[in-house]
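Please open the structure in your viewer and keep a selection tool at hand. The tour below moves through charged side chains, one pair after another.

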Amino acid sequence: MNSLQIRNAVKKLLNREATIVSILPDAISLKFTSLPGKKVPIRFDMEIEPDIKYVVNGVPVMEFDSVMVYSDRETLAEINEVYTYHVQESGLTDTLRREVTIAPVVGARVVPRTIHIMVPIEQLIAKRKQVPITVRNLPEKVQLLLSPSVVEAKYLVPKSL
């Protein structure tokens, strides 16, 4: 039998939802399950660095926080979380929207295979404020003169604030 004939023969044995990933002509190894899937959390592998005068303003928003993993009983028992492929972005000046692929798990099928993430990036703006200087816990018999009694503080805040 050639590989196409083997593929067709195996496909007839399995249900319509089954996917044949690869066929090795010298050996046939079939792995299937009728067990329900296991819901596991997604762990993101991300390094996000905004450009200067920009900041990550909030937590990343994920399309899903978990995925379904399908496999045999022993493999499912060992899987407690799945990871994404590494995402590294730098010099960001706008909100990052990206589709991230979930790293494959040996001997298991992960659904969905990709997930959309959104990382809010916001511009920083300069602000100034006059801050009065006050004294605390001064003993009663001590008199203190402050000069200056007000200072100007300069700081950066996200534009939305």
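What is the relative accessible area of Arg43, and is Arg43 buried or exposed? In this predicted model, select Arg43 to begin: its relative accessible area is 38%, which places the residue in the partly exposed class.

Next, add Glu81 to the selection and look at the contact with Arg43, where a salt bridge is formed and the closest N and O atoms lie 2.8 Å apart. This pair joins distant parts of the chain, since Arg43 sits in strand 1 (residues 38-43) while Glu81 lies in the loop between helix 2 (73-78) and strand 6 (82-83), 38 residues apart. Glu81, for its part, has a relative accessibility of 29% and counts as partly exposed.

Move on to Arg98 and Glu89, whose side chains form another salt bridge, with 2.8 Å between the closest N and O atoms. Arg98 is partly exposed at a relative accessible area of 32%, and Glu89, at 23% relative accessibility, also counts as partly exposed.

Finally, select Arg128 together with Glu152, which meet in a salt bridge with an N to O distance of 3.5 Å. Here too distant parts of the chain are linked, with Arg128 in strand 11 (residues 121-132) and Glu152 in strand 12 (residues 150-158), 24 residues apart. Arg128 has a relative accessible area of 57% and is exposed because that value is over 50%, whereas Glu152, at 39% relative accessibility, counts as partly exposed.

With these pairs displayed together, the count of salt bridges comes to 3.

Terms used: Residues numbered from 1 in each chain as written. Predicted model: local features only at pLDDT ≥ 70, side-chain atom pairs only at ≥ 80, totals over all residues. Heavy atoms only, no water. Salt bridge = Lys/Arg side-chain N within 4 Å of Asp/Glu carboxyl O. Helix = DSSP H or I, 4+ residues; strand = E, 2+ residues; numbered from the N terminus. Buried < 20%, exposed > 50% of the residue type's maximum accessible area, 1.4 Å probe, protein only.
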